[in-house]
Amino acid sequence: MAREKLCLGIDIGSSSIKMCVLKGGGGIYTLRHVGRIELPSDAIVDGSIMNAVQISESMTELARSLGIKNKDAAIAISGHSVIIKKISFPRMSAQELERAVIGEAEQYIPFDIQDVYMDVQIVNENASQQGYMDVVLVAAKKDVVNEYTQVVRDAGFEPVICDVDPFAMETAFLQNYAVSPSTSMALIDMGAAKTSINVVSRGVSCFTRDLPWGGNHVTEEIQKRTGISRSDAEQIKRGLRLADDPDAVVFAMNAACETVADEIQRTFDFFSATATDPPPSVIYLFGGGANLSALQKALATHSRLPVEIADPFHRITIPQNNMNAVAELGPAATTAVGLALRYPGDS
């Protein structure tokens, strides 16, 4: 039997909502709809929904403008409300693992177990320690998950998948790029308010971390150095207008991106010192910040690794009527694409 239709991917970011609908399967997909609508700066603060009505109305407006009919939606959350841990367990069945995780979870999760939703996935049945397997434990605070699912329902959609941003990014990447079993790579998504890092080794995620700096940090640095308004600084950052003092803008962007690149390298150093998996040999950049040449240069300098801008539509057929939207969104569509690759009922 044919599978159900793919989900509508809804990426609820701190500065905008992105939606994506794909059709197809088996690794061959065609883009049907993709688009973005901006949000007020105070709609989502530090990952918490502050204006649910505005977000739901924006979601409805975007879906209507794109002609989206899908109701089953996949969403993602991230930030301090989400804990992702790679753990080794003695080899056991999936059912036994679920019971074992409940008994062990408290030592890995800094929240009351009653206050979180938990999921666990076997990622390597043959860990480096004989007789053990590697699993990924994901815990998300119930109140945050419920906030996000409710705004989606208020917009007229049914959230059937709740993922986390680093894994949605990974899904989009694995659809679009061939991965060598012997290669480790860093997937980095710079959004408006944060930067997500996902180290993928042997085709599976082995380390994730969110940093509290994103594109807003660059905008704020431009604003501080030049004395212009936030909206003007944002337009200059995006290349939508010229700066009156280009030297000050270049200095500001370099300073902000150096901060982010330094923290990313610290994360790589921590990973190399604590993980058994090999360190990344290449960096792929996603998100709205991927197009910042200052970030690309700073990362290459700090990490001494090749840095590539990832294309979330690299192996997805794009009809002519969607070309402009894809060109406008680019790497910023990554999470929405990753979510749009999910089916209702996926684990």
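Q: Contact here means that heavy atoms lie within 4.5 Å; with that in mind, which residues in α1 meet residues in α3?

A: In this predicted model, A52, I55, S56 and M59 are the residues of α1 in the contact, and they meet V151, V152 and D154 of α3. Sorted by class, this contact of α1 with α3 holds five nonpolar residues, one polar residue and one charged residue.

Q: At what angle do the axes of α1 and α3 cross, and what is the handedness of the crossing?

A: The axis of helix α1, which covers residues 52-66, comes within 8 Å of the axis of α3, and the two cross at roughly 50 degrees. An angle counts as roughly parallel under 35 degrees and as roughly perpendicular from 65 to 115, and α1 and α3 are therefore oblique to each other. Their crossing is right-handed.

Q: How should I read the pair α5 and α7, and at what angle do their axes cross?

A: Helix α5 (residues 215-226) and helix α7 (residues 246-274) have axes that come within 8 Å of each other and cross at roughly 140 degrees. Only an angle over 145 would count as roughly antiparallel, and α5 and α7 are therefore described as oblique to each other. The crossing of α5 and α7 is right-handed. On the α5 side the contact involves H217, V218, E221, I222, R225 and T226, and these meet residues of α7 including A248, V249, F251, A252 and M253. By class, the residues of this contact divide into eleven nonpolar, three polar and two charged.

Q: How do I read a sheet, and in what order do the three strands of the open sheet stand?

A: The general idea is that strands of a sheet pair through backbone hydrogen bonds, in either a parallel or an antiparallel way. In this structure the order of the open sheet is β7-β9-β8, with antiparallel pairing. The edge positions belong to β7 (82-90) and β8 (116-124), and because each has a single partner strand, one side of each is left without a neighbour in the sheet. Ignoring direction, neighbouring strands of the sheet are turned against each other by 25 degrees on average.

Q: How many bridges join β8 to β9, and how many does β9 share with β7?

A: Eight bridges join β8 to β9, the strand of residues 132-141, and the two run antiparallel. Between β7 and β9 the pairing, again antiparallel, extends over nine bridges. On the β8 side, D119 stands opposite V138 of β9, and Y117 has A140 of β9 as its bridge partner. The bridge partner of S88 is D134, also in β9.

Q: Which helix packs on this sheet, and how many residues of β9 are buried?

A: Helix α3, residues 142-154, packs on the sheet, where it touches β8 and β9, and its direction makes about 65 degrees with that of β9. Eight of the ten residues of β9 are buried, so this strand is largely enclosed by the rest of the structure.

Q: How is the surface exposure of a single residue read: is D163 buried or exposed?

A: A residue counts as buried under 20% relative accessible area and as exposed over 50%. With a value of 9%, D163 is therefore buried, and its place is in strand β10, residues 158-164. Leaving out residues up to four places away in sequence, D163 touches I75, A76, I77, A168, L339 and R342. A243, in the loop between α6 (230-237) and α7, has a relative accessibility of 23% and so counts as partly exposed. Beyond its neighbours within four places in sequence, A243 is in contact with I236 and V249.

Q: What is the sign of the phi angle of D46, and what is it for R304?

A: As a general guide, most residues other than glycine have a negative phi. D46, although not a glycine, has a positive phi near 50 degrees, and R304, also not a glycine, has a positive phi of about 55 degrees. D46 sits in the loop between β4 (44-45) and β5 (48-49), and R304 in the loop between α8 (293-303) and β15 (307-309). D46 is exposed at 78% relative accessible area, and R304 is exposed at 77%.

Conventions. Residues are numbered from 1 along each chain as its sequence is written. This is a predicted model: local features need pLDDT of at least 70, side-chain atom pairs count only at pLDDT 80 or more; totals for chains, interfaces and linings use all residues. Side-chain values use heavy atoms; hydrogens and water are left out. Two strands pair if DSSP finds at least two bridges between them. Helices (H or I, at least four residues) and strands (E, at least two) are DSSP runs, numbered from the N terminus. Axes are lines fitted to C-alpha atoms, for helices over the stretch in contact, and angles run from 0 to 180 degrees between N-to-C directions. Contact means heavy atoms within 4.5 Å. A crossing is left-handed if the near helix is turned anticlockwise from the far one by less than a right angle, and right-handed if clockwise. Ala, Val, Leu, Ile, Met, Phe, Trp, Tyr, Cys and Pro count as nonpolar, Asp, Glu, Lys and Arg as charged, and the others, Gly among them, as polar. Buried means under 20% relative accessible area, exposed over 50%, partly exposed in between (1.4 Å probe, protein chains only).
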